[in-house]
Amino acid sequence: MSWRTIDRKTVVEDELGPGLSDAAQDKIRSFFPRYPTRRAALLPALHIAQDEIGYLSLRAMREIAALLELPPAAVMDIVSFYTHFWTRPKGRKTIVLCRSLTCELMGGRAVLEALQQKLGIGEHQTTPDGEYSLMTEECLAACEHAPCMLINEKLHKCVQVEDLDRILADPENDQLAVPRSDRFDAPATD
Amino acid sequence: MAFEPVLMKHFGVPNSTALAVYQADGGYAGAAKALRMKPDDLVELVQKANLRGRGGAGFPAGMKWSFLPKDRTITYLCVNADESEPPTFSNRVLMENDPHMLLEGILIAGYATRTAVAYIYLRGEFMEQFHILQRALDEAYAAGYFGKNILGTGYDLECYIHRGAGAYICGEETGLIESLEGKRGWPRIKPPFPAVEGLFRQPTVVNNVETLACLPHILTRGLDWWLSLGTENSKGPKMYCISGPVNRPGCYEGPLGISCRELIYGQDFGGGLREGKKVKAVFPGGLSMGALRGDLFPKAPNGQIDPRQDYDELDCLLDFDDPRRYDLLGLGTAAAVVVPEDVDIRDVLVNVTRFFGHESCGQCTHCREGTAWMYKIAQRMRAGAGRPLDLDLLVETARNMGMMPGMSICGLADGAAWPVRTIVQKFRQEFEQRMAKQEPDAAERRIRQVNPAAYELPIREGRETLYVGGTFFLP
C-alpha cells in the first residue's frame, strides 16, 4: 500500500538509480541466520542500503526484494512507512532537529529558523552543493539537553542560535567518538 | 534513610560501559545466581516482587511471563528500546552508561522464560547507543554470558540488536513485533496476546529496558530490600526524567512514589525553575499521560483533590495508582516536562496534537482522523480564530478515541486523546480569556488564509454557514 505507483514495464533504466554493491549484498545475507524468516531482515537490509547509497533507489529496493524473496511493492511499502528512509537523494549530512515540547520550550523554533536562514533551505530540502539536508523530527530522547540536533549519527546538545556557526563550520560535526563494533559488520553465525 | 541509587550507580564511573568495570562491582552476580535457580522459581520470585513494567502501562512483568504456554517449543524475548515518548530519555542514559546491566537483565529474563533468541529493538536514531550496546554485547559473548552453554548450565541464548527506523508506534508491543518481522509497525488485535502468539507466531515476551535492568538487583539484594521501596502497589526504584526550563534537567533515580513537586523543586531532582518562574502545567509521565496544573494556581483550601477546580495539583505522587486520582492516564514513563507560566497554552496544545497527528500509524480511523483534526483545530485556535465551540469539539473528539471507548486497536489513541482532554478541561479559563481577546473578523481571515477558494463561493447562505458553523463544507 504505497502512494507512489510505478509501472515496471515502462520505467526507464536511468530512473532506477544506483544498485547495491556485492559487499552490501553479502552483508545483508549475513543477517539471514539471525531470523527464522527472510522478511525479518528487511529493516537491517534497508539500513545497509541507505548507508551505502545515501538513499533507497528503485534499483536497490528491487535488489533487496530479490534477496529477501519479496515482491518489490512490499519493500516500497515498508520504505514509505518509516520516516528514517529516503526515496530521493539526500545531502551528505542530514540535520535532524527535534521539535517536541521540551525543545520548543527551550527555544528550538528559533534554532530552526536560524538554521533555515543560514543554509538557505526549508525542511526536507537539500543545499545546492549537496552537503546538508534539513528535517525536523519528533522527540530525539535527549530532552535534558534541549534543544538538540542530530547530524547524521552525532547528537549536538543544548544548541543555541549562536552555536550554529561553530557547529556548521566543523568538518567533523557528524563523527562519533565511540569505538565501533566489528561483530556488527560480520555477525557471528555460530 | 537516604535512598541509594542502584540503576544509576555506575553513572559517572570512568569507562562504565566496559565489562571489567561492571564485573568489578558485582556485575553478572545476579545472573549467576539466577542460572542456579529453576526457571519457574524465578518467575515466582519476580511475581512476588510485583515488578511492574516501567515502559508505561505498568503491567506486572512476572504475570506476563506466567502467561506463556507450558508446552511451548521456542520462546522469543523482545527488548523494547524504542524510546520515543517525549520527554523520556531514561532508557537512553541507561544504555549509554551501563549497557551490561541491561544485558544481565536480558540473560535473567531469558533464562526465566526459557528464551532461545532475544532481540533488542533499538530506536533508529540511537546510533551512539547502538555502538555502545553492540560493543558491550561483543564483550559479553566473549565472556560466555551469551551463546551456547552459558556459565556451564547448558542454557543457550542468542541476542541480537535490531534497529528500528523512526516510528513511535513501534514502541507498542505488537507494533514492535510486526516491525521486527519486517512489516509496517501496525499493532495487532489482542487477543491472542504476544505471550501466546507473538513474534513469528511463537510465544513472545516484550519487556522494557528499565524493567529488565531491575532484575539483577532483585536477585542480588533480595526481595526484602525491593519491597521496602515504593508505595503499596508500586515497588522498587524508578528513573525519573525532568526536563524543560528547570535548573537541573536530567535523569534521577528515586523510589517510586515521590511527589511531582519534589521532582520539580527537590534539590536532588529538578532544583526549581529558572529565574524563579512558576509552573503553569506539567506533564508528569510523558505527554500521553495528560497534564497537571502547576503552582501558578492556588492551593486547594482543604487539601481535597478535585480535578474540576483550578487548584494546584503538584502533590500528585508518581506511582502507578495516584496519578489516576488527578485524571491522568497513569504513571507512564515518569518523565516530566515543565511548562512555565509565560508560555501560551495554545502553543503547547499545538505541539502535543502535532506529535500524535504525525505519529498515528493510520490503521484505525478514529485515531488517524481524530489526531489530524485535533491538530487542525489547535492550529486554528493559535492563529487567533478559535471559537468557544472548539473546546467542546476537542473534548468530544478526545472522548471518542482510543481503546477505552472501544474504538481502536492499540493505546496510542488513548494517549493522544488524554493530554488534549486534560489540557482543554484544566486550562479552559485561559483558552476562553484568549478567545475573548481575538479580533472579531479573525475567523473570516483564517478561512481566507486556509482555503481562499471557499471564500469566493457565490452562494450567500453558503458563505454565512462558513462563518457560523466554521466548516468548509456546504450543507
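The exercises below work through a predicted model of two chains, A and B, each with a solution in steps.

This is a predicted model, in which local features need pLDDT of at least 70 and side-chain atom pairs count only at pLDDT 80 or more, while totals for chains, interfaces and linings use all residues. Residues are numbered from 1 along each chain as its sequence is written, and chains are lettered from A and ligands numbered from 1 in the order in which they are written.

**Exercise 1. Describe the confidence of the model and find where in chain B pLDDT stays under 50.**

Begin with the scores for the model, which are ipTM 0.91 and pTM 0.90. Next take pLDDT, the predictor's confidence in each residue, from 0 to 100: its mean for chain B is 88, and 95% of the residues of chain B reach 70 or more. The stretch asked for is residues 458-475 of chain B, for which the model has 13 contacts beyond four places in sequence; two residues are in contact if their C-beta atoms, placed from the backbone, lie within 7 Å. Where pLDDT is low, the predicted coordinates should not be read in detail.

**Exercise 2. Outline chain A by its elements and its domains.**

Count the elements to start with: chain A has 7 helices and 5 strands, where helices (H or I, at least four residues) and strands (E, at least two) are DSSP runs, numbered from the N terminus. Read from the N terminus on, their order is α-α-α-α-β-α-α-β-β-β-β-α. Then divide the chain by its domain assignment, which gives domain 1 as 13-81 and domain 2 as 93-169, with the C-alpha centres of these two domains of chain A 29 Å apart. Finally, the C-alpha trace of chain A spans about 50 × 45 × 30 Å along its principal axes.

**Exercise 3. Work out which residues of helix H4 of chain A are buried and how H3(A) packs against H4(A).**

A residue is buried if 20 or more other C-beta atoms lie within 10 Å of its own, exposed if 12 or fewer, and partly exposed in between. By this rule, the buried residues of H4(A), which runs over residues 72-81, are Val75(A), Met76(A), Ile78(A), Val79(A) and Phe81(A). Their cover includes helix H2 (42-53) and helix H3 (58-68) of chain A.

Turn now to the pair H3(A) and H4(A), whose axes come within 8 Å and cross at roughly 120°; axes are lines fitted to C-alpha atoms, for helices over the stretch in contact, and angles run from 0 to 180 degrees between N-to-C directions. From H3(A), Met61(A), Arg62(A), Ile64(A) and Ala65(A) meet Pro72(A), Val75(A), Met76(A) and Val79(A) of H4(A). By class, this contact has 7 nonpolar, no polar and 1 charged residues, with Ala, Val, Leu, Ile, Met, Phe, Trp, Tyr, Cys and Pro counted as nonpolar, Asp, Glu, Lys and Arg as charged, and the others, Gly among them, as polar.

**Exercise 4. Characterise the side of chain B that touches chain A.**

The contact takes 45 residues from chain B and 41 residues from chain A. Several elements of chain B each supply at least two residues of that side, among them helix H7 (127-142), strand S3 (158-163) and helix H12 (345-359). H7(B) gives the most, with 7 residues. Sorted by class, the residues on this side of chain B divide into 22 nonpolar, 13 polar and 10 charged.

Conventions
Domain bounds come from an automatic or database domain assignment.
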